[in-house]
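Hi,

Here is the structure I promised to pass on. Have a look at it first, and my notes follow underneath.

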Amino acid sequence: MAPITVGDVVPDGTISFFDENDQLQTVSVHSIAAGKKVILFGVPGAFTPTCSMSHVPGFIGKAEELKSKGIDEIICFSVNDPFVMKAWGKTYQENKHVKFVADGSGEYTHLLGLELDLKDKGLGIRSRRFALLLDNLKVTVANVENGGEFTVSSAEDILKAL
């Protein structure tokens, strides 16, 4: 499947997360992104070095600035189960705006065409590192990394595009 790109409408699919009442929610991507400006950024894995020390902290640190430029939702996405994503999100006590969501089986990652084969590292099929800017479900920015790079998908890169 070809990777999602600028001009595409994001496919509908389901993701899971724990809400503010600690209840597991499984929702369609369209239900949380329709009619909104949303940043969906994907990482290969929770608790992994680049994701934990650079990618996620960048979006947490720039969240207020992103919101001031019209962003309604900032969603961190990974092929991990929702319990792992919940635990990972709790490690960022300063976080007020980034929602940590799970694509436990990688089905939504497949729909996006953004799979990354990390079987040789014992991680299985994961998500490529990326940052998508969605405006009412339409992709207006698609910053997708090659391999394990972290060169185009930062919060700063999205801010430049706004």
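Let's start with helix α4, where Phe83 and Lys90 are exposed on one side. One thing to keep in mind throughout is that this is a predicted model. Turn α4 (residues 82-90) around and you get Pro82, Met85, Trp88 and Gly89, which are buried. Looking down the axis of α4, those buried residues fall within an arc of 120°, so they line one face of the helix. That fits the usual helix geometry: with 3.6 residues a turn, residues three or four places apart point the same way. And what covers the buried residues of α4? The cover includes the strands β1 (14-18), β2 (24-28), β3 (37-43), β4 and β5 (98-102), along with helix α2.

One piece of that surrounding is alanine 102, which lies in strand β5. Its relative accessible area is 1%, so alanine 102 counts as buried. Beyond its sequence neighbours within four places, alanine 102 is in contact with Ile15, Ser16, Ser78, Asn80, Asp81, Pro82 and Met85. Pro82 and Met85 in that list are two of the buried residues of α4. If you want a distance to check, the C-alpha atoms of alanine 102 and phenylalanine 83 are 8.5 Å apart, with the two positions 19 residues apart along the chain.

Next, the aromatics. A search of the whole structure turns up 8 aromatic pairs. In one of them, the ring centres of phenylalanine 77 and tyrosine 108 are 6.0 Å apart and the planes are at 75°, so this is an edge-to-face pair. It ties together distant parts of the chain, 31 residues apart: phenylalanine 77 sits in strand β4 (residues 73-78) and tyrosine 108 in helix α5 (residues 107-112). Phenylalanine 77 is buried at 0% relative accessibility, and tyrosine 108 is buried too, with a relative accessible area of 1%.

Tryptophan 88 and tyrosine 92 make another pair: with centres 6.2 Å apart and planes at 65°, it is edge-to-face. Both of these residues are buried. They also belong to one aromatic cluster, made up of Phe47, Trp88, Tyr92 and Phe100.

Trp88 and Tyr92 come up again around cysteine 51, since both are among the residues that cysteine 51 touches. UniProt places the feature "active site" at Cys51. Where is cysteine 51? It lies in helix α2 (residues 49-61). Is cysteine 51 buried or exposed? With 1% relative accessibility, against a cut-off of under 20%, cysteine 51 counts as buried. Not counting residues up to four places away in sequence, the other contacts of cysteine 51 are Val43, Pro44, Gly45, Val56, Pro57 and Arg129.

There are also a couple of charge-over-ring arrangements you may like. The charged end of lysine 99 sits over the ring of phenylalanine 17, 4.4 Å from its centre. Lysine 86 lies over the face of phenylalanine 18, at 4.5 Å from the ring centre.

Phenylalanine 17 is worth a click of its own. It lies in strand β1 and is buried, with a relative accessible area of 9%. Leaving out neighbours within four places in sequence, phenylalanine 17 is in contact with Gln23, Leu24, Gln25, Val27, Lys99, Phe100 and Val101. For valine 101, the C-alpha separation from phenylalanine 17 is 4.8 Å, although the two are 84 residues apart along the chain.

Last stop: the hairpin. Strand β6 (residues 115-118) shows an alternating pattern, with Leu116 and Leu118 buried and pointing to one face, while Glu115 and Asp117 point to the other and are not buried. This is what a regular strand does, as side chains alternate between the two faces of the sheet. β6 pairs with strand β7 (residues 124-127) in the antiparallel sense, over 4 bridges. Which residues in β7 face the two leucines? Leucine 116 has arginine 126 as its bridge partner, and leucine 118 stands opposite glycine 124. The two strands form a hairpin with 5 residues between them, and glycine 122 in the turn has a positive phi of about 80°.

Cheers

Methods:
Residues numbered from 1 in each chain as written. Predicted model: local features only at pLDDT ≥ 70, side-chain atom pairs only at ≥ 80, totals over all residues. Heavy atoms only, no water. Buried < 20%, exposed > 50% of the residue type's maximum accessible area, 1.4 Å probe, protein only. Pairing = 2+ DSSP bridges. Phe/Tyr/Trp six-rings, centres within 6.5 Å; stacked < 30°, edge-to-face > 60°. Lys NZ or Arg CZ within 6 Å of the ring centre and 35° of its normal. UniProt positions renumbered as here; feature names shortened; annotations may be inferred. Contact = heavy atoms within 4.5 Å. Arc of directions from axis to C-beta.
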